[in-house]
Structure formats: structure tokens, C-alpha cells
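Here is a short tour to read with the structure open beside you. We will go from a sheet to helix pairs and then to the places where chains touch.

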Amino acid sequence: MTAEIQSNDTSPSAMSKFFKSVGLLRESPIAIFGLSLILFWVILAILAPILPLYDPNAPLEPFKMPLSDARDGGLYWLGTDHKGRDILSRVIFGAQQVLIWATTATAVAYIVGMLMGVVAGYLGGWWDEVISFISNVLLSFPVIVLYIIIITYLGATGFNIVLAVTFASAPGIMRIVRGLVLDLRTRDYIFAAQTRGESAMYIMLVELLPNARGPLIVDACLRLGYTTITIAMLGYLGLGLPPPDPDWGKMIAETQPLGSFAGHMAIVPAAAISSLVLGFNLLADGLREISMKD
Amino acid sequence: MLILAFRRFLSMALIMVIVSFTLFAIFESDKLSVAGKVLGPYSNTEQRELWLDQNGYNEPFLERYVTWVGNALTGDFGYSIQYKSPVADVLWPRLGNTAILAGLYMLFMIPLSLTLGVIAGMKEGSIQDRVVSVGSVLTTSVPEFASATFFSAIFVFWLGWLPGTSAMTSGFSWAEIFLPVFVLVMYGFGYTTRMTRASMAEVMTSHYIRTAVLKGIPYRRVIMKHALRNALIAPFTVIILQLNWLLSGVIVVEVFFAYKGFGKLLLDAALFGDIFVIEACTLVAVFVAVFSQFISDIGYTLLNPRIRFT
Amino acid sequence: MEEQTPILECRNLCISYDTRGGEIPAVIDFNMKVMPGQGVGIVGESGCGKSTVALAIMQYLGSNGYIKSGEIFFHGRDMRTMSEEELRALRGSKIAMIYQEPMASLNPSMKIGDQLAEVPLFHEDVTVSEAKARALELLEAVKLPDPKRIMDAYPHQISGGQQQRVVIAMALLSKPDLLLLDEPTTALDVTVERGIVELVKEISAEFGTAMVYISHNLGLILDTCDRVTVMYSGEAVEDGTVNEVFDEMCHPYTSGLFASIPLPGADKNERPLVPIPGQLPLPHQRPQGCFFGPRCAFFKAGTCDQEKVPMRPVEGEEGHTVRCARFEDIDWAEGDHEAVTVKSVKSGKIVLDVKNMKKYYEVRSSSIFSMIRGDAVKTVKANENINFNAREAETVAIVGESGCGKSTFAKVLMGLEEATDGQVILNGEDLAHVSVQKRKARTVGHLQMVFQNPFDTLNPSHSVGSQIARVIRKFGVEKDPDKVREKVNELLDLVKLPRDFAHRRPRQLSGGQKQRIGIARAFAGNPAVVVADEPVSALDVSVQAAVTGLLTEIQNDLRSTLLFISHDLSVVRYLSDRVVVMYLGHIVEQGTTDEVFSPPYHPYTEALLSAVPIADTSVEQKQIILKGDIPSAMNPPPGCPFQTRCPRKIGSICETEMPPVKELSSGHTILCHLEDDVLNAMEPVIVTHSEEKIA
């Protein structure tokens, strides 16, 4: 009985795994394009301090159109705004802000939502009742109302924005994770773990969550995009981070009334945010497509 | 069925109680700051104490809450600090304006996204599917304040076809309402389209569609009679629940186009610190959201015989 | 048979699918002829292309499948040249199909009556009311109870067996010339399956419908078909009449397939199981020459691994063809595959003793509000008065269909649920009320389980080795990392897998290999008792024997007790010492294997034995067809649990009183009201033609 000894070869090392996942991306041009858009902004944001940029808050010459020469011999690639600040510099430093806060807020919301979801889904019973009810209460708030209440009550700081995003997103994440866990918990390997007396904590964190990662990665990408929109929207509505740091949403809000004669001031940040969100959405789409094929 | 409706209704009521209580606790547990907001920053403590006493704020907290809820139920939301008039007088007309905006949005978005979604989902991977899918990702990536910027630049400043603001100072105007609705639809249709497409595509690969085709009934009937009914269950709930997200877009659009609606009222109140208006607006918004959830649950049950008869 | 046009003929049919990895041939060079009124079986394991043939006949291959070459003639016309409209007119009217999963095949949001009425409405010139009348007539013809109610019902409101009857009614509505059945009973319980198979046979005889019956079960094919085609990896390997193929098989795969399935008519010592080594090749890993070559005992290099092997006729048997390069030269005695032998091991002391165990569930609506309102709580008696014991090195089979309570029993045993009442004594320690969390590591290690579904028995996120190592540490067998690694290797040796499998991920393993790892994991703590829950039922037939053999071999060597949960009486007869038959939470019969398989029987055991499909032409089974479906455990009948379907029901006593536990001989008990003389007068269900009494 020398049975079943042929199978596909394998050599698992962290390196090869990484290349494999990048290689997988190759199968979806959409995902590649999305990832490039994201990387474009991430790299600009990281390099911002060493790039030859004007100070984003310095009043230079107001209302310069894109590609006009600066007094000091430089070039305003994207022009300046009504206060004479260099738009290119503001967009790049704005990217820094939005990326930092969107990632932090999404990550925190994810940790909270995932824990809630895995506990509700796996332990069930009263845990599920209580967690689901809290989520339902939070989900019954229109998200914007939740933001407005939290931010007017606690003030517009980065921490409070993270808090508001967590309140608004965690219930949704909880629902997704709970649904996945309800499905996964009926698998035999969970049964096997239970029959060898593993603790609930071990089963939730080691046996369940790693297997939910596929759909969660896709959802996280979408949510990153949505959080980016949220942060910019709060900025636009005047509920965002306090000045003077550049904020894409606020840039639109400040310059939009002047659109009739200097449209570029609002169009540039609007295009910036759209391209970043598009990047997240396309990456999510591509990843979903790849995972469906397997 | 009735039991289910009743149960949903109870849970809706419970949520409203919890929300209203939380709201009340957040905004009115600190009595002095309420008085400060009402009387302005230059009032002194004595004046504030007096006001509190006159307005029944020295009753126990729970009692105040009950009175407040009772008043709200009869349409009395208090007095707006910013507009110097009863909140109800400001609230209802604004809500009406927003209802027009949201109604028009639904009117265009629903047929558009259902049609596109069904067309795309009918044949997964076909040309029409790819066009619709890519199109909907593109539009959902451009948030309302960005698309409003782009469309104003084109239609208002460049072509000059449409007005840039929608304040409706001289009565209702189709030209003024066009851009706000257009912006909302552009951002909003993608999500429902994608849901419909996914739902339709799943149904099309199901075994019962195979059965229907192999029964030899015409393709049109397979789609109309077998696929659509099952495919539209999921989008139905999504459309109704979208009300929750729609409010964000509505606020942005109302601010951008200076449209006098509910969203702008809420935002202005928040920025101004007009607490009674905030409370009233939040209550109304949550009520609409919870009620739409209720409708969606009931509708889902009605549409889905697998739940209806068990 | 006189010369006439076949209803269906496939000529040199090649079907491919386009995938990411390029073109994958699913069916290669397939030929088939179906004459009017004939039943033709296609038999093969998963992935052999048998369902693809059926869908190709329907011209429904999905967006990435296509007929690459060859022809399909229906009444002499090539179906590939037909227009969409012509095809539509044929489908459902001249050719109808019955599917594997009846629930999924019916539209969930449309009433059954409407779904049925569509068929005549779109194929014949009838009014709606005429169509409905026809639908009702057919529902009666397929023996559904209360057809009027079913017309008005939605699919989820009726049981699986009833759904399949509805699908059959739908297929027969326009009196088709050809019926395609794609594993029509695989999703159903054995006794329900028997009813459906009888119905299909009756109907094809009555309407004179030709059938193509696709199944992995040789027994069902024998029961329903005149001719059979055996498929392997996309090719037909043997084709002939049922008797030719079953009695004088010429292809090594066919013979291997027969040798690897247990027959309940045969004794294990007389006819040992011989597994086919290796596994089915993936489509892109098919070998040169004969696809079966690498697994074949009669493989000859130079002959079998050269060019494509054609189908060749067997001399003297017209119409019997075989795809083997050297079947005439094979000396069947020379094959050197190792047989699985189940040694008779002397059993030792009692290891596990279950006394009056009861498990009730309380079911209530889960929402907060129903709790506030205090809704009535319903009690589900999942296990009622379970009494049995198992000795060291003994194999005890627990047999029953869905809802019989065997999985609840396993949960109580493993400590995932607490018993409501009674005792579960393992090595002198009562575990009935000790949850697994509270059991000592050694105790947990002493009572382990092998699971049913190989595809989720292992956690896909962790490597095989780390999963085994976790068990070793958890049971306190070893702590030192080096020793743990050593023990992992030993366990891999034990289940005959190479040691480097420790680094693999579960998805890199085949179903059989995963099941072996599952066995290694169960035996990591030197268990006293191993519960195997249908351990091979999800595996391919040719792999089943090897895994079963491995499991019993290890069990024998380690002198563990094996509780073998199964619905398959053939396997049970083969490897167990004692059998416990369960129905709706009750043990209805228990005794040694010989006692249970020979009369007197409990009426349910009798029906079960009559329902097992047996792939042996020399065996005759008594026909006992049970009415209706298994009642729900939520709503059990009063009195005897089996009274609603029992063919031997005596009268009102069965409906009112729980039957007594009758001890027929020491250890052989039956839960039944039948008098002793009736029991003693029972005849064996399974008899071979030589009149020799087997069971």
C-alpha cells in the first residue's frame, strides 16, 4: 500500500510566499493598476519631507495658474490657491494626513469589529445577543449623524476621528466577521480542536480568524477607500482636523466658491482624493476576482 | 408574519428609546452648559441658574427625559437658538426639501442601477458586464464633493448651462435641482448596481436556472420569471438601507449647492452648537433609518418565501 | 436486438473546458448508443467526466465548456447543428434531466405547481388549467402524498425525497424519449434512495423511456441499467451489457473498482478488499498512453505507456469493448496488490460503557423578545436510552440514516455536549457530565475522533506538521520540540505518508491523504477509543478501501476500540465485530455483526439491508420499500419511532406504546412489539443465487 505519494511540489519560505502573492496579483491588471495608484500616493507621502517643495502653509503668490513661474525662479506645478499657498505641496502633505488617519482609523475599526464578530459568531448565545444588539443600535444611526455627534461633542481631533470611524465601521465589520465565523465554525477542524479541549480563545484566534482572511482583505481595501472619503468629507464639512495642516476636503471647501475663475484650486484635491479611492476600490475588485478564480 | 412584524416593531421601538436616551444624556446631562449654549457665552452663572429653574431643568434627570420625549412625540422639539424660532418651524420645511432631493435621487437611481446590474449579471464576463463593472467602480470612487467640483467646473463654469447654487430663492427650479440629484446619482448608483450584478450573476449560475433552461422554456422567460425575482431580493434591502448612507451625501450636496435642506440644517446646528436642533434632527434621522430597516426586513420576508413559510 | 435508429448516439465526443491554465480536456473520445427503452449506465469516480457527458447531451456546458470534436445524434440528427430554438423545443420535452441536488434544482421562490405547469405550457398547445391538471396527474404518478397541497407549496416546504419526486415528475411531464439522471439519489438517505430508484424503474418501464443513468455507485447501475460504460479520467475504459461488465470485466480499472468495494453478501475472509493504489490523475497530469497505467497492477512498460489506447472489442462478445492494450494477455491471478485484511483480534475488557444515556435539547426561538415573552420551549430527544458497551480492540459500528442521533451521540461522547441523563464510562471514569474542557489531557487524548469530510478536517491555514504537533503537545505526549518533531514523523510513518508532508499545507494534499492525516491526529495520544464518523464516505471509491484498511490496521496494532459511524452497511459488515442500529434517537437493534445481518431482524434493519445497492449479479435482495421520509426529530411520532414507515406494523399498540427491548440471545437486542414467532419466521434479505444463505 504505497499509496498517494505524488503531489505538487512545494517549498514554503516567507520570501517565496511573498513573491507568490505578488505573482498572483499579476493575473489581475485591475489590481495592479489599483495598487499602483495607492503606491503613487504612499511614496509621495513618505518622500514629502525630502522633496523640493514649498512650505504647504506659506503664503506665496495667490491665484497662480498651474505651471506658472514663481517669484523665486521656481515653478508652481499645480498653481497656488487664494492664500498663495503652493497647491502641489498642499496636495502631497494632505496625502500624508489622509493616509495616516485613514489607515489608523480603519485598522482600529477592524480590530474592534473583528473581535466583536468572532466572539459573537463563535460563542453565540448571550454574547451574540448583546453584541448584535449594540451593533444594531449603532447601525441605526446614519453614519454622518454619528460623526457629527461624536465630533461636535468631543471635538475635532485625530483621535476622535479614529473613534468616530470605529463607531461607524466596527458594527459592519462585526457583521461580516460574524457571518464568516458562523460558517467556519461548523467545519470539522473546529470540531477537532474542540474535541482536543482547546480554549475558546485559541480556537477563535488561531483556528477561525486566519481562515476568514480572504474576504476580510477585500473588505478592508474597500473600507480604506471609504474611510479616505469620510476623512476628506469631514474636512469638507468643517468637521475635520484643525488647521493649518493641509486637508484635501478642506482644500475643496475653501476654494470651491472661487471656481468661476480659478477652478484648478478645487479640482486638484478633488482629483487627488478620487484617484486614491479609485486605487483602493480597484485593488479590492482585483483581489476579489483573483480569489473567486481559485 | 404578523408575529415577525410585531417583533421587528418592538425592536425598533427599543432602539429608538436607547438612541433618544443616549442623545439626551450626551446633550442635556450637563445642565449648565445647556444654559450656556442657550444664553450665550456672555451670560453669568446666576442668569443660567435662573433659566434652568424657569425651564424645568431642576427636575430629576429621568423625569426631564420623559417630558422631553413626550414633547418630541407631539412635535415640540424646543426652541432653536440660531434661528430664534421653534425648532419644528425650521425642521419640517427643510425636511420637505430634502425629501424632494432624496425622492428624485431614488427615482433615477433605482431603475438605472437595477437595469445595469441585471444586464451585467446576466452574462458574467461579457462586454456589457465589464463596462458596467468598471463604470460603477469609477463612479463610486469619486465622492460627492469631488464630483460636484468636476461637474460644476464643466456645466456651470465652462459650459454655463446650469446655475452653480440651488438655494431656490425664487421658488422650485428644475435647473437648480438637476446638479444635486445628478451628483448623488453618480456616486450612489454604483453600489446598488454592483449588488444587483453580483446577486444576478449568482442566480444565473444556480441549479434552478439550469433546470429552467433545460426545461426548454424561452430564455426571456427564464430571466423574467425565474432569475429576476430571486436576484432582486438582495438589492431591495440594500436600496432601502442606503437611506442611512444617503444622508452623508445629502449633507455634502446641500452644502455644496447651498440647498436649504435637512442636512444643511443639521450641519449648521452642529457647527453652531444649536443643541435642540441637533437633537431634533438626530431623532428624525435615526427614526427614518430605523423605520427603513423595519420596512426592509418586512419586505425581505415578503419577497422571500423561504423565510415567509417557516 | 433488431436494427433501429438509436435515440441517442455519441460519436468520438471530445469535450474541453477553458481555464486559466489553458484547455482542459474533460471527456476524450467518448462513444455511446442508447436504444429506445434502454437503460444505459455511466459509472466512474469524481472528475471522470460522467456529468460533463450529460450536460453536453443537453448542450449546456456553461461559458467555458465546449464540444471540441465528435457528434451527438438525437434520433439521427446532430445536435450540434441545431439552432437555439430547436434545442429549446427538445429540452424538457424530448430529453429531460434529473439532477443530483433536488433542493437546488427547484426555484425557491416559485410554487411547485407553477414550475411543473411551465413544461406543458411551453412545449404543447395547452391552457394554464390543462397544464396544471397534467402537473397534478404526474405528482400522483410519482406517488407523492397529498399532491394538491404540494402543487401549492414552495420547494423548501417539502422533504428532500419529495423534492426529488417533484423533479422526476417535472422530467416526465411531456413524456420524453430520453431521461438523463445525474446521481439522482446521492444526496438522499439509503431507504429514501431505494424508493426513488424503484420509482425510476417503474416509470421507465411504463413509459418506455430510454435512460442514461449516471452514478458512482455500481450497485445502483446494476439495479437500473441494461448496459454500462465505465469511465476513468475522461475516457470510457469499458463498455458492455451489465452482465458482461459485472461478471466478465476485462479492464484492470473495472476489476480494481469491484475488488475495492465491500459487498454485504460476501464474507471479509472469503473476499478481502483490494484497494487501487495511488489517486486519480488531475487532467493536466494525465500520463502518456494508458491513463490508468501508473495505478495498474498489470502495467507493462513499452506497451502501456506509448500511444493512446483505443477501445477494442472483446472476442466473442459483440458490443463489449475495452480500452486496454493487453487485456487478452492479463493473467488476473498475477496482480500484486496488497489486500486489506481485517484480522480477527481477540477483544479484551470493556473500555467504554454507555448506560441509559439520554440527550435532550431545548429548542426555543433565540431572540431576546421571545425570552421575555416566555415562548413555549420544545424538547428534542436526540438520544433516548442509549445502552451499549465496547471492548478493547473491538470495532463497533453505529448505523443509521440522517436524524438518527449518531452525531449527537458522538458529541456527548467527546464532551462537546453534556448528557441529559445516564452514564458514559471510559476506563472506569464517568464522563457523561464532564465537558471536554474539564477533562484531563490524558483522558481527552484517550478518546479521539476521525471526521467525515476530508476537505475540512484540516485547518487550511496551518501546515500539516504543526497541526499534528499541536495535538501531541496538547495531549501531553511530548513537550520537547525535538521529540515532538520525532513523534510527528512517527505518526506520518504510521499512516504511510512521506515525512516531508509535515511541511505541506492541507490544500496540497488529496482527499485520501488528508484523511490519513486526520487518522494520524486521532492516534497521536495513543487513544483507547477512536470514533470514526463516516471516515471514507466522502472519498472516491477506489481510495476508500485503502483508507479503511489503514484505519483498521492501526486500530488492530494499537488495540484501540473503534466506534465506526456509518450509513453504509457493506463497509460495516466488512469490518465491525458488533453493530448498533439507530433510528430517530433510539437503538432499535444491536448484536454481533452476524446476528444483525441475519434474521430475526428489527423491521428497520431489514429495510436497510434491502435498500443497500449491491454490485453483485449473483445476489438477490428482498424488496422492502419504506413509505415516506424519516420523521423530524423535532416532531417524533408517538409510540414506536419507526411506526410511521414500518411495513410490519401490527396495529395500534405500535402507535401508542414504546416497544420493549427484546433480548433474543445474549447481547442481541431488538426494540420491537413483534411476537417471537413472527421474528423467528423472518427470511434473510440478501441471498445469493446458489441458494446459499449468506445473510
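How many bridges join β18(C) to strand β19 (residues 529-533) of chain C, and do the two run parallel or antiparallel? There are four bridges, and the two strands run parallel. If you would like one pair to look for, C:Gln448 has C:Val530 in β19(C) as its bridge partner. Please keep in mind throughout that this is a predicted model.

**The sheet in chain C**

These two strands belong to an open sheet of eight strands with mixed pairing, and its order in chain C is β18-β19-β20-β15-β21-β22-β25-β24. The edges are taken by β18 (447-450) and β24 (661-665) of chain C; each has a single partner strand, so one side of each is left without a neighbour in the sheet. From one strand to the next, the twist averages 20 degrees. A helix packs on this sheet as well: α17 (residues 511-522) of chain C touches β18 and β19 of chain C. The direction of α17 makes about 180 degrees with that of β18(C).

**Two helix pairs**

Two packed helices are described by the angle between their axes and the distance between the axes. Here are two such pairs.

| Helix pair | Angle | Axes apart | Crossing |
|---|---|---|---|
| α3 (residues 87-123) and α8 (residues 200-208) of chain A | about 115 degrees | 11 Å | right-handed |
| α11 (residues 252-260) and α18 (residues 541-558) of chain C | about 45 degrees | 8 Å | left-handed |

In chain A, the α3(A) side of the contact consists of A:Val118, A:Tyr122 and A:Leu123, which meet A:Ala200, A:Ile203, A:Met204 and A:Leu208 in α8(A). By class, this contact has seven nonpolar residues, with no polar and no charged ones.

In chain C, the angle of about 45 degrees makes α11(C) oblique to α18(C). Here C:Gly256, C:Leu257 and C:Ser260 in α11(C) meet C:Val541, C:Ser542, C:Gln544 and C:Ala545 in α18(C). This contact divides into three nonpolar and four polar residues, with no charged ones.

**Chain B and its neighbours**

Chain B touches both of the other chains, so to speak, on two fronts.

With chain A, the contact takes 35 residues from chain B and 35 residues from chain A. On the chain B side, the elements supplying at least two residues each are α1, α6 (127-140), α7 (144-158), α12 (243-256), α13 (262-272) and α14 (275-303). Of these, α12(B) gives the most, with eight residues. The side of chain B that touches chain A has 27 nonpolar and eight polar residues, and no charged ones.

With chain C, the contact takes 22 residues from chain B and 27 residues from chain C. Two or more residues come from each of α1 (2-28), α9 (207-214), α10 (219-231) and α15 (305-308) of chain B. The most come from α9(B), which gives seven residues. Nine nonpolar, eight polar and five charged residues make up the side of chain B that touches chain C.

**How confident is the model in chain B?**

The mean pLDDT of chain B is 86, and 98% of its residues reach 70 or more. Among the elements of chain B, helix α5 (residues 87-122) has the highest mean pLDDT (92), while α15(B) has the lowest (70). Where pLDDT is low, the predicted coordinates should not be read in detail.

Definitions and conventions. Residues numbered from 1 in each chain as written. Chains lettered and ligands numbered in written order. Predicted model: local features only at pLDDT ≥ 70, side-chain atom pairs only at ≥ 80, totals over all residues. Contact = placed C-beta atoms within 7 Å. Nonpolar A, V, L, I, M, F, W, Y, C, P; charged D, E, K, R; others polar. Axes fitted to C-alpha atoms, helices over the stretch in contact; angles between N-to-C directions. Left-handed = near helix turned anticlockwise from the far one by under 90°. pLDDT = per-residue confidence, 0-100. Pairing = 2+ DSSP bridges. Parallel < 35°, antiparallel > 145°, perpendicular 65-115°, else oblique.
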